[in-house]
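Biologist: I'd like to learn how to read a two-chain model. Could you walk me through it, feature by feature?

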There are 2 protein chains.
Amino acid sequence: VRLLDIESDADHNRSVYTLVGPPDDMVAAMFDAIGTAAARIDLNEHRGEHPRIGATDVVPFVPLRGTTMDDCVALARKLGRQVGEELGIPVYLYEAAAARPDRTNLADLRRGEYEGLKQEIASNPDRRPDFGPAELGPAGATVIGARPFLIAYNVYLTTGDVEIARKIAKAIRHSAGGLRYVKALGLSVQGKAQVSMNLTDFRQTPIHAAVEMIRREAARYGVGVESSELIGMIPQQALLDAAVWYLQLDNFETRMILENRLSE
Amino acid sequence: VRLLDIESDADHNRSVYTLVGPPDDMVAAMFDAIGTAAARIDLNEHRGEHPRIGATDVVPFVPLRGTTMDDCVALARKLGRQVGEELGIPVYLYEAAAARPDRTNLADLRRGEYEGLKQEIASNPDRRPDFGPAELGPAGATVIGARPFLIAYNVYLTTGDVEIARKIAKAIRHSAGGLRYVKALGLSVQGKAQVSMNLTDFRQTPIHAAVEMIRREAARYGVGVESSELIGMIPQQALLDAAVWYLQLDNFETRMILENRLSE
């Protein structure tokens with residue numbers, strides 16, 4: 001198992017670790033990591049801006065290469081059972097691994113955060129964990145699941161007016177009637193209006209669909225797209241899809257890429 | 001050395017072999033191939049629509065991965081010397097490997113084809129080869145050089161009027177005042193007007209620059225771009241460049257691609 005990336009933020013008081021490896025090794029590594037976090041982090045003493053319910057707050061398995069979403073769902077359930085039974089930490093399954101439809105969204109599972117969940121977990125049947133005890137220790141609870149690769153993508157407008165960015169974000173995000181796999185917020189970043197997005201399934205809602213919808217909405221306010229920026233990593237396919245769409249390249253096949261032919 | 005692709009065409013009476021391998025192995029393999037072609041093909045008996053001057057007509061070395069254009073120039077000269085001296089075949093160096101500015105273009109070197117060159121090679125000092133004897137046997141002469149990866153790319157218009165495709169091709173091609181690394185022809189393909197291009201250096205003249213110039217020229221005639229098509233292979237970078245340009249992705253780095261990070 002290889003650690004590809006760590007992002008830590010003092011205000012959030014939170015670290016994001018990105019690991020990659022063969023399926024079974026990933027489960028073993030995550031089990032160890034959850035045990036270590038539980039031994040070192042006491043949620044009763046923890047403060048930070050980012051919502052959280054546990055020392056290891058959330059573990060999403062993301063399919064890569066030959067691995068399927070179903071494989072990742074199986075890994076999430078295996079890890080969840082092990083964490084619940086062997087570490088005594090309550091585990092909620094989410095996204096593609098969710099065992100109940102009302103547990104699909106991470107934000108719903110984090111409602112009230114650690115402190116709120118502590119009050120409710122024993123008494124409220126809706127908050128009973130999928131694995132592990134219905135009581136919260138200092139390590140809190142852990143959300144485990146499977147989801148597609150998430151692309152964090154921001155678009156800057158040719159205006160400093162954050163209200164326009166907010167209106168555009170509302171028009172394009174799923175929760176307000178917009179594109180299905182887009183979460184969006186309007187922000188002001190260094191004096192520029194920014195539409196900040198999470199593209200949660202780029203195969204279903206591709207980047208270019210989101211960018212072009214922003215461009216069209218922006219035009220309605222008389223502004224344009226100044227530039228865009230990618231935060232973190234992106235699968236190659238997401239950019240190839242954009243190239244093929246903009247170039248109207250009808251006969252494209254992945255095998256046409258020289259590097260792919262070389263590695264065959 | 002691996003054979004990636006063969007394209008043969010009966011009308012052209014010509015085959016294109018695409019090979020990939022480590023630099024020195026490529027020279028050895030090409031030397032053997034040129035010797036085999038010389039033993040089997042008699043240009044005095046050869047007829048075909050495509051212009052040619054030799055049994056092995058042209059050998060372009062194309063830099064890939066860690067190899068530079070300078071490396072390929074050195075390989076072209078090494079192979080050229082060996083073919084001239086050991087096989088007694090006249091060799092002309094072209095493109096980045098050219099020893100004289102008037103030998104940059106392949107079409108100039110093929111002027112008069114085998115039959116015309118046979119008349120001139122001994123008497124015309126401008127046609128004296130860079131390596132090998134100034135006389136032409138049944139194997140003819142071979143052009144050897146180094147050039148960037150060539151992308152064969154066609155754009156279909158929303159019209160059947162081939163005259164419009166011809167006018168656009170003229171506007172965009174280098175030879176008529178257009179984009180530096182674009183060769184273009186207007187053709188009629190299955191009732192559709194097509195702008196057929198060779199993009200001879202996609203890092204200098206990117207695909208999107210050619211496609212968008214076609215789109216603008218087409219608009220002047222009241223037509224649009226219906227679709228585009230790629231012939232053969234394309235380096236990944238050429239499509240990534242298009243995605244980054246259309247998405248206005250200012251902060252892009254190759255390291256942001258997940259697959260690249262995985263193979264580091």
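**Reading the model, one feature at a time**

Modeller: Let's start with a single residue and what surrounds it. Not counting residues up to four places away in sequence, Ser196(B) touches Tyr153(B), Asn154(B), Lys183(B), Ala184(B), Leu185(B) and Leu187(B). Keep in mind that this is a predicted model.

Biologist: Where does Ser196(B) sit, and with which side chain does its own side chain make a polar contact?

Modeller: Ser196(B) is in strand β8 of chain B, residues 192-199. Its side chain makes a polar contact with the side chain of Asn154(B), at 3.0 Å.

Biologist: Now a helix residue. Is Leu79(A) buried or exposed?

Modeller: Leu79(A) has 0% relative accessibility, so it counts as buried. You'll find it in helix α2 of chain A, residues 69-87. Leaving aside neighbours within four places in sequence, its contacts are Val27(A), Met30(A), Phe31(A), Ile34(A), Val59(A), Phe61(A) and Ile144(A). Take Val27(A): 52 residues separate it from Leu79(A) in sequence, yet their C-alpha atoms are 5.8 Å apart.

Biologist: On to backbone angles. What sign does phi have in most residues other than glycine?

Modeller: Most of them have a negative phi. Here, Glu95(B) has a positive phi of about 50 degrees although it is not a glycine. Glu95(B) lies in strand β4 of chain B, residues 91-95, and counts as partly exposed because its relative accessibility is 27%. Gln248(B) also has a positive phi, about 55 degrees, and is not a glycine either. Gln248(B) belongs to the loop between α7 (236-246) and α8 (258-262) of chain B.

Biologist: How many salt bridges are there over all chains?

Modeller: The count comes to 26 over all chains. One of them joins Arg52(A) to Glu115(A), with the closest N and O atoms 3.1 Å apart. That pair links distant parts of the chain, 63 residues apart: Arg52(A) is in the loop between α1 (23-40) and β3 (58-61), Glu115(A) in helix α4 (residues 113-120) of chain A. At 5% relative accessibility, Arg52(A) counts as buried, while Glu115(A), at 37%, counts as partly exposed.

Biologist: And in chain B, which residue forms a salt bridge with Arg103(B)?

Modeller: That's Asp130(B), with the closest N and O atoms 3.2 Å apart. Arg103(B) is in the loop between β4 and α3 (106-109), and Asp130(B) in the loop between α4 (113-120) and β5 (142-146) of chain B, so the pair ties together parts 27 residues apart in sequence. Arg103(B) is buried, with a relative accessible area of 2%; Asp130(B) is partly exposed, at 22%. Back in chain A, Arg14(A), Asp57(A) and Arg110(A) are linked in a network of salt bridges.

Biologist: Last one: how is the size of an interface often given?

Modeller: As the accessible area lost when the parts come together. Between chain A and chain B, the buried area is about 3,900 Å², with carbon and sulfur atoms giving 62%. On the chain A side, Leu247(A), Leu258(A) and Leu262(A) lose the most area to chain B, together 18% of what that side buries.

Biologist: How many salt bridges and polar pairs are there between the chains?

Modeller: Zero salt bridges between chain A and chain B, but 24 residue pairs in polar contact. The largest share of the side of chain A that touches chain B, seven residues, comes from α7(A). By class, that side has 24 nonpolar, seven polar and ten charged residues.

Terms used. Residues are numbered from 1 along each chain as its sequence is written. Chains are lettered from A and ligands numbered from 1 in the order in which they are written. This is a predicted model: local features need pLDDT of at least 70, side-chain atom pairs count only at pLDDT 80 or more; totals for chains, interfaces and linings use all residues. Side-chain values use heavy atoms; hydrogens and water are left out. Buried area is the accessible area (1.4 Å probe) that two parts lose on being put together, summed over both. A salt bridge is a side-chain nitrogen of Lys or Arg within 4 Å of a carboxyl oxygen of Asp or Glu. A polar contact is a pair of N or O atoms within 3.5 Å; within protein, one must be able to donate a hydrogen and the other to accept it, and residues adjacent in sequence count only if both atoms are side-chain atoms. Helices (H or I, at least four residues) and strands (E, at least two) are DSSP runs, numbered from the N terminus. Ala, Val, Leu, Ile, Met, Phe, Trp, Tyr, Cys and Pro count as nonpolar, Asp, Glu, Lys and Arg as charged, and the others, Gly among them, as polar. Buried means under 20% relative accessible area, exposed over 50%, partly exposed in between (1.4 Å probe, protein chains only). Contact means heavy atoms within 4.5 Å.
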